[in-house]
Amino acid sequence: MILITGSSRGIGEATAYEFSRDRARVIVTYYKDRKRAESTHRKCLDLSGSDGLLLELNVADDASINRCVRTVVATFSRIDVLVNNAGTLTWTRLRDQTADDIQNQVRTNLEGPIKMTRACLPYVTETIINIGSIAGKNGIKELTVCCATKFGLRGFTQALAKEEPNINIYSVNPDYVATSMTDFVGRPPEEVARVVVRAAKGGYAVPSGSDIDVGSFHVIRTSSHLALQSVYTLTAHPSNTSYKRHTRALAADACQPPIDSRNPCVSM
Ligand SMILES: NC(=O)c1ccc[n+]([C@@H]2O[C@H](COP(=O)([O-])OP(=O)(O)OC[C@H]3O[C@@H](n4cnc5c(N)ncnc54)[C@H](OP(=O)(O)O)[C@@H]3O)[C@@H](O)[C@H]2O)c1
């Protein structure tokens, strides 16, 4: 049983399909986009050839988390893999973010996965994967709040791995992925999905608590010029304003050394 938060679209949707291709039973969850989630759920059933579940879940709402986990446990009695994927982003300078922008990102990206994990923990048999980000390993301007949540999520992953020796827990940290979050600029979400499924199967020789980076982190650490080049290869739409913004943000931060390079890490 694979429970994926925010699997109506984007990385969560691609991950749902990747697990389903592997014949796993997937619980698809959505926040606002029920229609899209219904289509994701149907495709999962077709791909896996087995049953699954479609549930509403707002990770920023305690009652919604409890309702979702109660239903999953009543139906399947266990969760083999929990993927904390749901996330949100307000891409602007801190001084232009409202209190609601900040609260929404902290609740969805950090508090949500923590509470979701706590609620699921008694029923998780194998693995928890937290979808982190390049923004959890490098401070990137105009992503201050997102960076704070994703750095926090990695800390949570590392600490929980020490508390729960019988479960494998990883942070999968993508760089830029072509979803609605980036105006569809970046690598295909399927690439991240494949890494998540491989991690869930224990396919990386790293200890629990590790980072599994997906993307151009090593490039970003070495040279701004190379970082720019690597972003260019990710998109066929150089006139896209969002793309220019990503490129600027990466270029500005590319010369920064990594803040935390001591945690066990594998780069994909
Ligand atoms: N795209 C990137 O470049 C990138 C890079 C690094 C990391 N990430 C991370 O990858 C994860 C997935 O992002 P994405 O790019 O796939 O974004 P996306 O396409 O915008 O999808 C976001 C998903 O999260 C769900 N969601 C949003 N708020 C929620 C809430 N309060 N409760 C439950 N679900 C909620 C959405 O549900 P509805 O559609 O039903 O509303 C949707 O399924 C996020 O954690 C993000 O930070 C993305």
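Which residues of H6 are buried? The legends below take up this helix and its surroundings in a predicted model.

**View 1. Helix H6 and its buried residues.**
The buried residues of H6 are Pro189, Val192, Ala193, Val195, Val196, Val197, Ala199 and Ala200. They pack against H1, strand E4 (79-84), E5, E6 and E7. The helix has 12 residues. From its first C-alpha to its last, H6 reaches 17 Å, close to the 16 Å expected at 1.5 Å a residue. An α-helix has 3.6 residues a turn, so residues three or four places apart point the same way. After H6 comes Gly202, with a positive phi near 75°.

**View 2. The largest nonpolar core.**
This core holds 52 residues. Ile2, Ile129, Val172 and Val196 touch the most other members. Helix H6 (residues 189-200) contributes the most, with 7 residues. Now look at Ile129. Leaving out residues up to four places away in sequence, Ile129 touches Val81, Val83, Tyr170, Val172, Val196, Ala199 and Ala200. Val196 is thus named twice: among the residues with the most contacts in the core, and among the contacts of Ile129. A second core is separate and has 10 residues, including Leu89, Leu143, Val145 and Cys146.

**View 3. Strands E4 and E5 side by side.**
E4 and E5 run parallel. They are joined by 5 bridges. Leu82 stands opposite Ile128 in E5. Strand E5 is mostly covered, with 6 of its 8 residues buried. In a regular strand the side chains alternate between the two faces of the sheet.

**View 4. Helix H5 and what covers it.**
Helix H5 (residues 144-163) has 20 residues. It reaches 29 Å from first C-alpha to last, close to the 28 Å expected at 1.5 Å a residue. Its buried residues are Val145, Cys146, Cys147, Thr149, Lys150, Phe151, Leu153, Arg154, Thr157 and Ala161. Lys150 and Arg154 are on that list. The cover over the buried residues of H5 includes helix H4 (99-120), strand E5 (124-131), strand E6 (168-174) and strand E7 (211-214). Val145 and Cys146 also belong to the second core.

**View 5. Residues around the ligand.**
The ligand is surrounded by 31 residues. Gly6, Gly10, Ala86, Gly87 and Thr179 are the closest. Sorted by class, the shell has 13 nonpolar, 15 polar and 3 charged residues. Helix H1 (residues 10-21) supplies the largest share, 3 residues.

**View 6. Arg78 in its loop.**
Arg78 sits in the loop between helix H3 (62-76) and E4. Why does Arg78 count as partly exposed? Arg78 has 13 C-beta neighbours inside 10 Å, and a residue is partly exposed when the count is over 12 but under 20. Apart from neighbours within four places in sequence, Arg78 is in contact with Met1, Tyr123 and Thr125. Cys120 is 42 residues away from Arg78 along the chain, yet their C-alpha atoms are separated by 8.8 Å.

**View 7. The whole chain.**
The chain has 9 helices and 8 strands. Of its 268 residues, 47% are buried. What share of contacts joins residues at least 24 apart? Among contacts between residues at least 6 apart in sequence, the share is 70%.

Conventions
Residues numbered from 1 in each chain as written. Predicted model: local features only at pLDDT ≥ 70, side-chain atom pairs only at ≥ 80, totals over all residues. Core = buried A, V, L, I, M, F, W, Y, C linked by C-beta atoms within 7 Å. Helix = DSSP H or I, 4+ residues; strand = E, 2+ residues; numbered from the N terminus. Contact = placed C-beta atoms within 7 Å. Near = placed C-beta within 6 Å. Nonpolar A, V, L, I, M, F, W, Y, C, P; charged D, E, K, R; others polar. Expected span 1.5 Å × (residues − 1). Pairing = 2+ DSSP bridges.
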